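Hi everyone, thanks for coming. Today I'd like to walk you through a ligand and its surroundings, so please have a look at the screen.

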Amino acid sequence: MKLAQLLFSQGFGARRECEGLIACGHVTIGGKVVDDPFEDVQPEGLIFSVRGQAWPYHEKALLVMNKPAGHECSQKPKHHPSVYSLLPPPLRIREVQTVGRLDEDTTGLLLFTDDGALIHRLTSPKRHVRKVYEVGCKHPLDEEQVRRLLEGVKLVDDPATVKAAAAEPTGERPDGLHGLRLTLTDGKYHQVKRMLAAVSNRVERLHRSGFGELTLPADLAPGGWRWLDGPEAILGPA
Ligand code: URA
């Protein structure tokens, strides 16, 4: 692949801009300036630098972010900054999108990709991909509430019953809330909050810790993100 074409594919601007970046000496490979926009490069496994910042080549972008509170999962946020503002311009130019959405006050594991087929695979209700939530509830959870979450509850304005794949009370938390680890395989709007409301409890804090096979990396700070090697990180080996 020509170097300018590679930069274009990775979100470094219009073709002409990519050619200009290269011709002006802003792009290095293996520590050496490559100033010929039409130099042939092997994309797989390539790490190139633009203005001193290293970028690994990815045919499709797939990332995990530790979503901070106070951010909306929308390109056009209404009341809070967008999670997209936490990504560098090349990823925004590549038009990565969130895989589903988390509420403005929900924290934790949020995936982004520019692979539309993968978004469909990860969010399709037929695929039953597991999402794990650490819930801080206002009231203690009794056996009856847990039983109803597992057997299925009816949400307001929704005729279908929804049930949790797992619901495990985790005891009183340092913040004084009552912990619940809830695993869901579907993804309805405000589902966790609505399910807890349906059993007369209330979600005060919500954090997603798992998506499919992937657990939020413990060393990923709120607002931070990192590349994932491929869908196997979430879906397991093909
Ligand atoms: N369920 C909710 O209620 N909110 C989220 O952000 C995610 C799941």
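I'll start with how to read the model and then turn to the ligand.

This is a predicted model, in which local features need pLDDT of at least 70 and side-chain atom pairs count only at pLDDT 80 or more, while totals for chains, interfaces and linings use all residues. Residues are numbered from 1 along each chain as its sequence is written, and side-chain values use heavy atoms, with hydrogens and water left out.

So, who surrounds the ligand? The residues around it, meaning those with a heavy atom within 4 Å, are Leu102, Asp103, Thr106, Tyr133, His190, Gln191, Val192, Lys193 and Leu206. By class, this shell has four nonpolar, three polar and two charged residues. Domain 2 (62–125 + 214–235) and domain 3 (131–211) each supply at least three residues to the shell; those bounds come from an automatic or database domain assignment.

Now for the polar contacts, which are pairs of N or O atoms within 3.5 Å. A ligand nitrogen atom has a polar side-chain atom of Asp103 at 2.7 Å. A polar backbone atom of Gln191 lies 3.4 Å from a nitrogen atom of the ligand, and a polar backbone atom of Lys193 is 3.0 Å from a ligand oxygen atom.

How much of the ligand does the protein bury? Taken alone, the ligand exposes 240 Å², and the protein buries 96% of that, using the Shrake-Rupley method with a 1.4 Å probe.

Definitions and conventions
Polar contact = N/O pair within 3.5 Å; in protein donor to acceptor, adjacent residues only side chain to side chain. Nonpolar A, V, L, I, M, F, W, Y, C, P; charged D, E, K, R; others polar.
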